[in-house]
Amino acid sequence: ACSPLWSHECGSSYYTTGMCSRVNSNFRFSKTVAPALQRCQTYMDIIIVLDGSNSIYPWVEVQHFLINILKKFYIGPGQIQVGVVQYGEDVVHEFHLNDYRSVKDVVAAASHIEQRGGTETRTAYGIEFARSEAFQKGGRKGAKRVMIVITDGESHDSPDLEKVIEDSEKDNVTRYAVAVLGYYNRRGINPEAFLNEIKFIASDPDDKHFFNVTDEAALKDIVDALGERIFSLEGTNKNEISFGLEMSQTGFSSHVVEDGILLGAVGAYDWNGAVLKETSSGKVIPLRESYLQEFPEELKNHGAYLGYTVSSVISTKHERIYVAGAPRFNHTGKVIIFSMHNNRNLTIHQALKGEQIGSYYGSEINSLDVNGDGITDVLLVGAPMYFSEGRERGKVYIYTLRENRFVSSGALVDLQSYQNSRFGSCIAAVPDLNQDSYNDLVVGAPLEDEHQGAIYVFLGFKETVLKKYKQRIAAADLAPGLMYFGCSIHGQLDLNEDGLVDLAVGSLGNAVLLWSRSVVQINASIRFEPSKINIFTKDCKRNGKDATCMSAFVCFTAVFLSAHFQTASVALRYNATIDERRYAPRAYLDESGERQAQKGLVLLAGQEHCEGLHFHVLDTADYVKPVTFSIDYELEHPENGPMLDDGWPTSLKVSVPFWNGCNEDEHCVPDLVLDARSDVPSAMDYCRRALRRGDCSAFTLSFDASVFVIESSRRRVAVEAALENRGENAYSTVLNISFSRNLQFASLIPKDDTDINIDCMTEDKNPNKKVCNVSYPFFRAKAKVAFRLDFEFSKSIFLQSMEIYLIAN
């Protein structure tokens with residue numbers, strides 16, 4: 001958890017260096033991370049060594065000086081601590097370094113310090129006491145040590161001063177010495193020896209560390225000068241990184257990697273920004289110069305905001321490479337792909353640039369390993385303020401990894417609507433949501449629907465992301481009053497412990513939890529018993545009629561895609577329909593007598609469930625085309641529980657054929673035999689019947705054997721015919737009748753009370769031709785039909801001959 005605007009006081013300034021803290025599973029802060037936090041220049045331990053011997057007068061002036069100088073100090077944690085010792089013949093602690101934490105408390109304590117008195121001034125003893133004891137009691141490691149010595153006369157232990165000052169130098173104690181000349185001036189004594197001693201006490205150079213005043217009342221005149229010199233101690237070395245990171249706002253973005261945490265610092269280096277890294281072995285803070293390759297000095301005042309977002313990718317060499325966005329770079333935005341080194345340098349491998357001013361390209365970045373092979377497949381860069389069609393719609397760019405470089409691969413497609421949506425304000429890579437083994441993506445558009453917001457789910461496939469969204473979830477459909485839904489998204493946790501990753505979506509003042517649902521595929525099949533319809537053997541009666549009875553076994557298997565749902569169940573509803581495309585079906589269900597049935601059932605994961613539907617086939621004119629059996633199925637509760645896999649079939653159509661009554665190979669071999677003779681007499685017949693001659697041989701000699709005789713009074717011609725099938729069933733048997741133009745077809749009449757139908761039709765283009773279906777759809781094996789054809793002679797067309805052709809096939 002990061003607080004980029006966390007600030008701390010240094011002297012008179014507040015620095016927003018930012019800080020982050022690790023949060024444990026109990027939501028307790030466990031470790032603070034603040035790589036940009038530098039020690040204040042005012043991180044000092046100051047000991048004031050006061051001469052309290054009898055010669056100091058008036059004491060109240062010393063007290064006023066003490067209070068005024070303390071008011072100048074920035075006293076507090078991380079800044080200045082002050083302790084006071086008073087000496088004469090002896091030395092005492094007035095208060096220790098860590099006794100007080102504020103100016104107010106220190107001033108209150110100082111105002112109660114009484115003059116201890118004493119006939120001797122043992123300055124060396126006072127300094128040694130301060131060095132060896134006062135700095136130890138409450139002193140802090142790394143704090144600058146400062147000692148302020150205030151005295152009005154030469155010390156009585158001056159021979160010890162050399163050793164004491166030497167020890168102070170070894171301990172890096174900076175010494176300020178103030179000589180109060182009141183005693184000398186009141187008595188007219190030459191102070192030269194005293195001043196030399198005080199200058200020896202003070203650190204070099206004297207002009208910075210040595211002060212003298214005419215008397216106790218004049219101490220107030222050096223307060224400002226002394227304060228300024230103390231605070232100019234911690235040098236303003238321009239090479240120090242503290243000046244580059246004072247306003248860095250570290251933690252504006254963060255990204256956890258194997259060996260630590262990456263932190264974006266948008267305010268670093270004059271708001272050009274930077275990326276810092278905190279590891280268990282220390283922090284890595286790249287130098288300003290290491291960014292110059294992509295962030296040149298001449299653009300330094302533009303405020304690129306590098307580190308607005310930070311992420312990482314895994315290269316084809318299985319190396320982790322960092323990614324950071326700078327949405328304000330040159331006004332169009334930039335993303336850099338780089339490696340960090342412990343010597344505070346960077347290697348920038350590639351830079352991706354935005355295309356539109358103000359689009360904030362690079363303000364949101366994420367990467368996705370679609371197929372889970374450990375290598376990044378897609379890098380996504382958001383430009384949420386991308387302007388198109390007069391609106392701030394936003395855009396998410398797709399880059400695919402090719403040979404360790406990211407190549408542009410288009411953009412994601414959101415809802416095509418004319419509104420400010422800021423699509424791409426948040427991009428979250430999430431584990432496989434639809435359980436197809438590919439990881440997925442969720443993108444926020446918090447300004448859609450008048451700032452109510454929406455999120456889009458994009459599915460991963462193979463090594464990329466499908467650009468068209470699969471699901472749009474709008475705040476307006478979830479709860480009233482939600483605003484800016486989709487401004488933040490997280491999808492890594494299984495919150496309801498069902499084995500599926502869930503989504504947490506941020507909105508203004510609310511977090512919305514969305515449960516993922518399990519995905520199921522329904523496999524359906526139909527088989528028939530018997531496998532074909534035998535209309536030759538009617539094996540049952542329905543409604544008093546002979547019928548062929550059949551059974552259809554409809555089977556379903558539910559396959560849950562998630563391994564966590566192998567003991568789950570799902571309710572299914574299905575419709576079964578016979579011959580759905582026919583006006584009148586050729587079969588009916590036994591249960592209802594209708595062509596349709598609706599049923600429900602519950603499927604257990606991975607277990608086939610079958611139901612028998614019994615039906616019957618009555619006589620029909622069409623035994624050629626099979627009977628179709630259709631089922632349409634859907635989940636009983638589509639709004640709750642598992643959902644059907646997208647694109648998975650929800651219907652099945654299976655046909656059951658009629659048995660053709662032929663041999664095992666079901667290849668029918670008919671043998672049609674056609675016999676026909678007309679009632680027109682031959683010359684011999686005519687002689688015997690019409691002429692009544694006994695011996696007609698002489699008469700017929702004058703004629704060809706094929707000659708027939710027709711008398712002028714004759715008006716009709718009849719043909720007696722018989723068609724027999726001596727082989728197996730003959731399907732679609734057709735009798736073709738054609739005749740000469742001097743004949744007109746009169747009738748075709750079957751004989752012998754047969755139940756075999758012969759239906760004839762005239763061809764429109766040829767009135768002298770008839771096409772007759774014989775016993776449609778099939779002419780049974782061993783069946784025979786006799787019929788009579790009648791023709792009339794035309795009264796308008798006269799020909800030399802008469803012809804009639806019969807062809808059966």
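Glu 94 and Arg 116 form a salt bridge, with their closest N and O atoms 3.0 Å apart; the term here means a side-chain nitrogen of Lys or Arg within 4 Å of a carboxyl oxygen of Asp or Glu. This pair links distant parts of the chain, 22 residues apart: Glu 94 sits in strand β8 (residues 91–95), and Arg 116 in the loop between α2 (103–110) and α3. Helices (H or I, at least four residues) and strands (E, at least two) are DSSP runs, numbered from the N terminus. Glu 94 is buried, at a relative accessible area of 18%, whereas Arg 116 is exposed, at 52%. For these labels, buried is under 20% relative accessible area, exposed is over 50%, and partly exposed is in between (1.4 Å probe, protein chains only).

A word on the model itself: it is predicted, so local features need pLDDT of at least 70 and side-chain atom pairs count only at pLDDT 80 or more, while totals for chains, interfaces and linings use all residues. Residues are numbered from 1 along each chain as its sequence is written, and side-chain values use heavy atoms, with hydrogens and water left out.

Back to the salt bridges: a search of the whole structure turns up 37 of them. One of these joins the side chains of Asp 45 and Arg 140, at 3.0 Å from N to O. Asp 45 belongs to strand β6 (residues 44–51) and Arg 140 to the loop between α3 (123–134) and β9 (144–151), so the pair ties together parts that are 95 residues apart in sequence. Asp 45 is buried, with a relative accessible area of 1%, and Arg 140 is buried too, at 17%. Another salt bridge brings the side chains of Glu 448 and Arg 472 together at 2.7 Å, N to O. That pair also links distant parts of the chain, 24 residues apart, with Glu 448 in helix α11 (residues 448–451) and Arg 472 in strand β31 (residues 471–474). Glu 448 counts as buried at 0% relative accessibility, while Arg 472 is partly exposed at 25%. There is a network as well: salt bridges link Glu 128, Arg 131, Lys 163, Asp 167 and Asp 171.

As for the overall layout, the domain assignment splits the protein chain into domain 1 (1–41 + 240–329), domain 2 (44–232), domain 3 (365–516), domain 4 (530–656) and domain 5 (672–808). These bounds come from an automatic or database domain assignment. Taken over C-alpha atoms, the centres of domain 2 and domain 4 are 103 Å apart.

UniProt, in an unreviewed entry, puts the feature "domain: VWFA" at residues 45–226. UniProt positions follow the numbering used here, feature names are shortened, and annotations may be inferred rather than shown by experiment. In the model, residues 45–226 are 37% helix and 22% strand, and the end C-alpha atoms lie 16 Å apart. The unreviewed UniProt entry also carries the annotation "repeat: FG-GAP" at residues 236–287, 347–408, 409–467 and 471–531. Residues 347–408 are 0% helix and 55% strand, with end C-alpha atoms 22 Å apart. Residues 471–531 come out at 0% helix and 46% strand, and there the end C-alpha atoms are 44 Å apart.

His 209 falls in helix α7 (residues 206–209) and is buried, with a relative accessible area of 7%. A polar atom of the His 209 side chain lies 2.9 Å from the backbone oxygen of Pro 205.

On the surface, Leu 493, Leu 495, Leu 513 and Trp 515 make a nonpolar patch of about 400 Å². Patches are made of residues with over 30% relative accessible area and no salt bridge; like charges are joined within 9 Å, and nonpolar side chains (Val, Leu, Ile, Met, Phe, Trp, Tyr) within 5 Å. Accessible areas come from the Shrake-Rupley method with a 1.4 Å probe, and for residues only the protein chains shown count as cover. Trp 515 is in the loop between β34 (510–514) and β35 (519–529) and is partly exposed, at 48%.

The backbone has some oddities. The peptide bond from Tyr 57 to Pro 58 is cis, with omega near -10 degrees, and Pro 58 is in the loop between β6 and α1 (59–72). The bond from Tyr 776 to Pro 777 is cis as well, with omega near 5 degrees. Phe 27, although not a glycine, has a positive phi of about 60 degrees, and counts as exposed at 73% relative accessibility.

Technical notes. A polar contact is a pair of N or O atoms within 3.5 Å; within protein, one must be able to donate a hydrogen and the other to accept it, and residues adjacent in sequence count only if both atoms are side-chain atoms.
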